Amino acid sequence: MKIDVLTLFAGMFAGPLDESIIRRARDAGLLKLAIHNLRDYAHDRHKTVDDKPFGGGPGMLLKPEPIFEAVEKLAGEKTRVILLSPSGRKFNQSIARELAEAGDLLLITGHYEGFDERIRQELADDELSIGDYVLTNGALPAMVVIDAVTRLLPGVLGDDQSSQEESFSEGLLEYPQYTRPAEFRGMKVPEVLLSGNHAEIARWRAEQARVRTQERRPDLIRKTE
Ligand code: 4FV
């Protein structure tokens with residue numbers, strides 16, 4: 001998969017996407033990641049990428065010209081152009097799976113008060129929000145999407161790290177898990193997990209996942225019904 005990112009903060013991407021699983025996916029050629037500086041697509045002396053909103057109001061907006069030029073240069077026929085903004089659809093595991101099967105992505109990260117509306121109208125195939133809060137720019141949302149999608153690409157997670165049995169894979173939260181020691185400061189691991197009775201263990205885990213989801217995220221239960 002090829003992921004291009006358009007940003008004013010290319011430096012923020014150094015680090016989080018250079019470690020562990022994402023690093024290995026890039027080294028293995030399973031993910032080709034390119035970070036593009038939006039200012040490279042502004043050609044006036046001040047490389048202007050923002051301007052005041054028509055009709056007044058606080059702050060500045062991202063201008064259409066640099067972003068249109070960048071997308072027209074970077075996006076191929078099949079590239080899915082995605083805007084990161086608080087008014088996008090809420091990013092989740094099923095969207096991550098959808099994008100992992102979608103082919104190449106071009107992520108446009110926001111800044112200032114947001115985008116000129118013509119960017120949204122003409123260029124965006126999709127708009128994603130990582131949550132109902134306002135960040136300083138769209139770099140972190142882009143990294144969140146890249147991380148969640150990359151680990152679902154075939155060959156990225158070894159079979160010991162399968163993405164099958166994890167939170168949200170069945171639409172439920174994960175069941176409680178334990179590792180050695182079987183007793184720690186008087187806290188014992190549930191007997192059933194030490195029983196070797198795999199059918200019983202599976203039943204216990206399914207019940208625990210359902211109970212935990214009902215307690216913490218009843219909205220997820222409603223979704224699966
Ligand atoms: C955001 C979010 C987000 C809004 C103003 C960037 C900031 C600035 N993006 N999910 N939440 N973006 O807060 O995606 O333009």
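Q: A polar contact is a pair of N or O atoms within 3.5 Å. How far does a backbone N or O atom of isoleucine 130 lie from a nitrogen atom of the ligand?
A: The model is a predicted one. The cut-off for a polar contact is 3.5 Å between N or O atoms. Here a backbone N or O atom of isoleucine 130 pairs with a nitrogen atom of the ligand, and the distance is 3.0 Å.

Q: Which residue has a backbone N or O atom 2.9 Å from a nitrogen atom of the ligand?
A: Histidine 111 has a polar backbone atom 3.1 Å from an oxygen atom of the ligand, so the limit of 3.5 Å for a polar contact is met. That pair involves a ligand oxygen, while the question asks about a ligand nitrogen. At 2.9 Å from such a nitrogen lies a backbone N or O atom of tyrosine 133.

Q: What percentage of the ligand's exposed area does the protein bury?
A: Taken alone, the ligand exposes 370 Å². The part of this area that the protein buries is 95%.

Q: How many charged residues are in the shell around the ligand?
A: Around the ligand there are 16 residues, and among the nearest are Tyr112, Ile130 and Gly131. By class, 9 residues of the shell are nonpolar and 7 are polar. The number of charged residues is none.

Q: Which strand supplies the largest share of the shell around the ligand?
A: Strands S5 and S7 each give at least two residues to this shell. The largest share is 3 residues, and these come from S5.

Q: In what order do the 5 strands of the open sheet stand?
A: The pairing in this sheet is parallel. Strands S2 (32-37) and S7 (126-129) are at the edges with a single partner strand each, so one side of each has no neighbour in the sheet. Neighbouring strands are turned against each other by 30° on average, direction ignored. The order is S2-S1-S6-S5-S7.

Q: Which residue of S7 is the bridge partner of leucine 83?
A: Strand S5 covers residues 80-90 and pairs with S7 in the parallel sense over 5 bridges. In S7, the partner of leucine 83 is glutamate 127.

Q: What angle does the direction of helix H5 make with that of S6?
A: Helix H5 (residues 139-150) packs on the sheet and touches S1, S2, S5, S6 and S7. With the direction of S6 (105-109), the helix makes an angle of about 155°.

Q: Is the peptide bond from arginine 180 to proline 181 cis or trans?
A: Proline 181 sits in the loop between H5 and strand S8 (183-184). Omega of the bond is near 5°, and the bond is cis.

How values were computed
Residues are numbered from 1 along each chain as its sequence is written. This is a predicted model: local features need pLDDT of at least 70, side-chain atom pairs count only at pLDDT 80 or more; totals for chains, interfaces and linings use all residues. Side-chain values use heavy atoms; hydrogens and water are left out. Two strands pair if DSSP finds at least two bridges between them. Helices (H or I, at least four residues) and strands (E, at least two) are DSSP runs, numbered from the N terminus. Axes are lines fitted to C-alpha atoms, for helices over the stretch in contact, and angles run from 0 to 180 degrees between N-to-C directions. Contact means heavy atoms within 4.5 Å. A residue is near a molecule or strand if one of its heavy atoms lies within 4 Å of it. A polar contact is a pair of N or O atoms within 3.5 Å; within protein, one must be able to donate a hydrogen and the other to accept it, and residues adjacent in sequence count only if both atoms are side-chain atoms. Accessible areas come from the Shrake-Rupley method with a 1.4 Å probe; for residues, only the protein chains shown count as cover. Ala, Val, Leu, Ile, Met, Phe, Trp, Tyr, Cys and Pro count as nonpolar, Asp, Glu, Lys and Arg as charged, and the others, Gly among them, as polar.
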